[in-house]
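Reader: I would like a close look at a single part of this model. Please take one helix and describe what surrounds it.

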Amino acid sequence: MAGKLKITLVKSPIGAIPKHRRTVEALGLTKMHKTVELPDNAATKGMVDQVKHLVKVEEV
């Protein structure tokens, strides 16, 4: 069974390109320092890889 990823928004997406802003929003991160737990699958990892400079990721 795949685990979960704990993803926290640590840098504001205001200056980021629009695609990255939409990716952060699609991950469920709306405010700074908000944390969400998402399944550890290929789709989530791909989204996190796009915005790795804006988020902090931990395995749960």
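Author: What follows describes one helix of this predicted model, then the sheet beside it.

Helix H1 spans residues 18–26, and His 20, Thr 23 and Val 24 are buried in it. Seen down the axis of H1, these buried residues fall within an arc of 100 degrees, so they line one face of the helix. An α-helix has 3.6 residues a turn, so residues three or four places apart point the same way. On the face of H1 turned away from the buried side are the exposed residues Arg 22, Glu 25 and Ala 26. After H1 comes Gly 28, with a positive phi near 95 degrees.

The buried residues of H1 pack against two elements: strand E1 (4–9) and helix H2 (42–50).

Strand E1 belongs to an open sheet of 3 strands, ordered E2-E1-E3, with antiparallel pairing. Strands E2 (35–39) and E3 (55–59) stand at the edges with a single partner strand each, so one side of each has no neighbour in the sheet. On average, neighbouring strands are turned by 25 degrees against each other, direction ignored. The antiparallel pairing of E1 and E3 runs over 5 bridges, and Lys 6 has Glu 58 in E3 as its bridge partner. Helix H2 packs on the sheet and touches E1, E2 and E3, its direction making about 25 degrees with that of E1.

Within strand E1 lies Thr 8. Its relative accessibility is 10%, under the 20% limit, so Thr 8 counts as buried. The side chain of Thr 8 makes a polar contact of 2.9 Å with the side chain of Thr 35. Residues touched by Thr 8 include His 33, Leu 54 and Val 55.

Terms used: Residues numbered from 1 in each chain as written. Predicted model: local features only at pLDDT ≥ 70, side-chain atom pairs only at ≥ 80, totals over all residues. Heavy atoms only, no water. Buried < 20%, exposed > 50% of the residue type's maximum accessible area, 1.4 Å probe, protein only. Helix = DSSP H or I, 4+ residues; strand = E, 2+ residues; numbered from the N terminus. Arc of directions from axis to C-beta. Contact = heavy atoms within 4.5 Å. Polar contact = N/O pair within 3.5 Å; in protein donor to acceptor, adjacent residues only side chain to side chain. Pairing = 2+ DSSP bridges. Axes fitted to C-alpha atoms, helices over the stretch in contact; angles between N-to-C directions.
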